[in-house]
Amino acid sequence: MKQQTRKLGNSGLEVSALGLGCMGMSFGYGPAADKKEMITLIHSAVESGVTFFDTAEVYGPFTNEELVGEALAPFRGEVIIATKFGFKPNADGSGRWNELDSRPEHIREVAEASLKRLKVDAIDLFYQHRVDPNIPIEDVAGTVRDLIKEGKVKHFGLSEAGAQTIRKAHAVQPVAALQSEYSLWWREPEKEIIPTLEELGIGFVPYSPLGRGFLTGKINENTMFDSSDFRNIVPRFSPEARKANQALVDLLGNIAKGKNATPAQIALAWLLAQKTWIVPIPGTTKLHRLEENIGAINIELTANDLQEIDSAASQIEVQGNRYPENLQKLVDR
Ligand SMILES: NC(=O)c1ccc[n+]([C@@H]2O[C@H](COP(=O)([O-])OP(=O)(O)OC[C@H]3O[C@@H](n4cnc5c(N)ncnc54)[C@H](OP(=O)(O)O)[C@@H]3O)[C@@H](O)[C@H]2O)c1
């Protein structure tokens with residue numbers, strides 16, 4: 001099945017209008033899912049026309065890239081795989097990977113290792129996962145530019161970078177896409193980031209487009225997460241915040257009823273309606289949800305619908321930070 005495609009800015013990179021975020025299959029939201037089942041899920045996504053898959057070195061670490069590489073090996077050349085560099089294991093030996101490392105030599109090491117895990121000759125889209133304050137962004141962009149010249153990488157991306165950083169990087173090596181959080185419960189990119197991307201011709205890939213699951217209506221203040229689930233430490237997911245933020249889900253539910261759709265589909269259709277160069281990457285471990293999410297492509301939100309959503313959303317103040325303190329300081333640099 002062919003899906004609608006979208007162009008990520010002026011980069012020449014063309015991908016399905018919705019990608020598939022693969023992180024949660026291995027990492028972040030409780031124990032890793034069964035590998036065989038996830039390979040079947042990824043194959044179903046390809047059959048449904050998804051051509052854009054998102055992973056990162058740090059998801060696992062390593063296991064998510066391995067999964068994506070194995071699952072997509074039969075479709076080499078037909079799909080775009082995006083991955084990310086820039087984290088390293090914490091010095092405290094905890095096994096966590098919250099520290100940054102975008103030294104040029106490290107970027108090169110990660111590129112080589114990711115190529116092997118992904119089983120590809122070139123990384124289609126290589127994002128810096130977080131801006132590293134110790135390494136000038138020009139050096140990062142220059143390193144990726146060299147990797148592109150050597151044929152090891154095809155396109156350069158940034159994640160959670162601020163507007164000035166995007167401009168500096170883009171001057172050295174054109175940035176194909178910015179991947180940052182954006183959804184009805186995190187609209188900060190509308191202020192400065194989206195106008196900057198529009199001006200420079202850079203595509204936008206919103207991550208956590210379903211608010212890490214919250215905007216689907218399947219999570220409420222009583223939901224219990226597995227002890228290893230990242231959402232346990234996200235202030236926006238405290239039971240009090242969930243209770244307050246339910247208003248946003250109710251709004252999506254109301255619009256969904258009128259469209260014979262689901263809240264998740266409205267959350268995705270809303271993102272798709274913002275710009276033609278926006279490509280959300282919802283994540284799921286479940287086939288029926290993959291199909292539901294892909295269905296968002298066919299939901300038309302009229303100017304009236306969008307205005308209704310805007311005015312209702314402007315009455316709701318979303319509660320709680322989107323990251324715990326130690327990770328909050330790594331975003332928007
Ligand atoms: N650059 C970055 O720093 C960064 C940060 C976070 C994420 N990402 C990328 O963005 C991708 C997507 O973000 P995300 O996974 O954080 O959040 P998301 O896509 O907003 O939400 C994923 C969550 O929603 C649930 N879900 C998905 N579809 C659903 C539906 N139709 N109904 C009910 N629940 C549904 C999933 O659970 P089930 O699995 O149970 O369906 C999962 O818990 C990730 O996979 C990753 O590749 C990047």
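Helices (H or I, at least four residues) and strands (E, at least two) are DSSP runs, numbered from the N terminus. These legends go with a predicted model, where local features need pLDDT of at least 70, side-chain atom pairs count only at pLDDT 80 or more, and totals for chains, interfaces and linings use all residues. Residues are numbered from 1 along each chain as its sequence is written, and side-chain values use heavy atoms, with hydrogens and water left out.

**View 1. Helix α9 and the spot where E291 meets up with S48.**
E291 sits in helix α9, which covers residues 287–294. With 48% relative accessibility, E291 counts as partly exposed; buried means under 20% relative accessible area, exposed over 50%, and partly exposed is in between (1.4 Å probe, protein chains only). Along the chain E291 and S48 are 243 residues apart, yet their C-alpha atoms are separated by 8.1 Å.

**View 2. The open sheet, strand by strand.**
Here 7 strands line up as β3-β4-β5-β8-β9-β10-β11 in an open sheet, and the pairing is parallel. Two strands pair if DSSP finds at least two bridges between them. The edges are β3 (20–21) and β11, each of which pairs on one side only. Moving in towards the β11 edge, β9 (residues 153–159) and β10 pair in the parallel sense over 4 bridges, with S159 opposite Q179 in β10. Next along, β10 (residues 175–181) and β11 are also paired in the parallel sense, over 5 bridges, and S180 stands opposite P206 in β11.

**View 3. Strand β11, covered on both faces.**
Which residues of β11 lie on each of its two sides? G203, V205 and Y207 are on one side, F204 and P206 are on the other, and all are buried. In a regular strand the side chains alternate between the two faces of the sheet. Strand β11 runs over residues 203–207, and 5 of its 5 residues are buried, so the strand is largely enclosed by the rest of the structure.

**View 4. Helices α3 and α4 crossing at a slant.**
The axes of α3 (residues 104–118) and α4 (residues 137–149) come within 9 Å and cross at roughly 40 degrees. That makes α3 oblique to α4. Axes are lines fitted to C-alpha atoms, for helices over the stretch in contact, and angles run from 0 to 180 degrees between N-to-C directions. Angles under 35 degrees count as roughly parallel, over 145 as roughly antiparallel, 65 to 115 as roughly perpendicular and the rest as oblique. The α3 and α4 crossing is right-handed (the near helix is turned clockwise from the far one by less than a right angle; anticlockwise would be left-handed). On the α3 side the contact involves P104, I107, R108 and A111, and on the α4 side D139, V140, T143, D146 and L147; contact means heavy atoms within 4.5 Å. Sorted by class, the α3 and α4 contact has 5 nonpolar, 1 polar and 3 charged residues. Ala, Val, Leu, Ile, Met, Phe, Trp, Tyr, Cys and Pro count as nonpolar, Asp, Glu, Lys and Arg as charged, and the others, Gly among them, as polar.

**View 5. V110, tucked into α3.**
V110 belongs to helix α3 and is buried, with a relative accessible area of 2%. Leaving out residues up to four places away in sequence, V110 touches E57, F85 and F126. The C-alpha atoms of V110 and V140 are separated by 13 Å, with their positions 30 residues apart along the chain.

**View 6. Helices α7 and α8, and the loop residue N260.**
Helix α7 (residues 239–259) and helix α8 (residues 263–274) have axes that come within 8 Å and cross at roughly 95 degrees. The two are therefore roughly perpendicular to each other. L252, G253, I255, A256 and K259 of α7 make the contact with P263, I266 and A267 of α8, giving 6 nonpolar, 1 polar and 1 charged residues. In the loop between α7 and α8 lies N260, which has a positive phi of about 55 degrees although it is not a glycine. At 76% relative accessibility, N260 counts as exposed.

**View 7. Two more loop details: R212 and the G60–P61 bond.**
Is R212, in the loop between β11 and α7, buried or exposed? R212 counts as buried, at 9% relative accessibility, and its phi is near 55 degrees, a positive value in a residue other than glycine. Elsewhere, a cis peptide bond joins G60 and P61, with omega about -5 degrees. P61 lies in the loop between β4 (52–54) and α2 (63–72).
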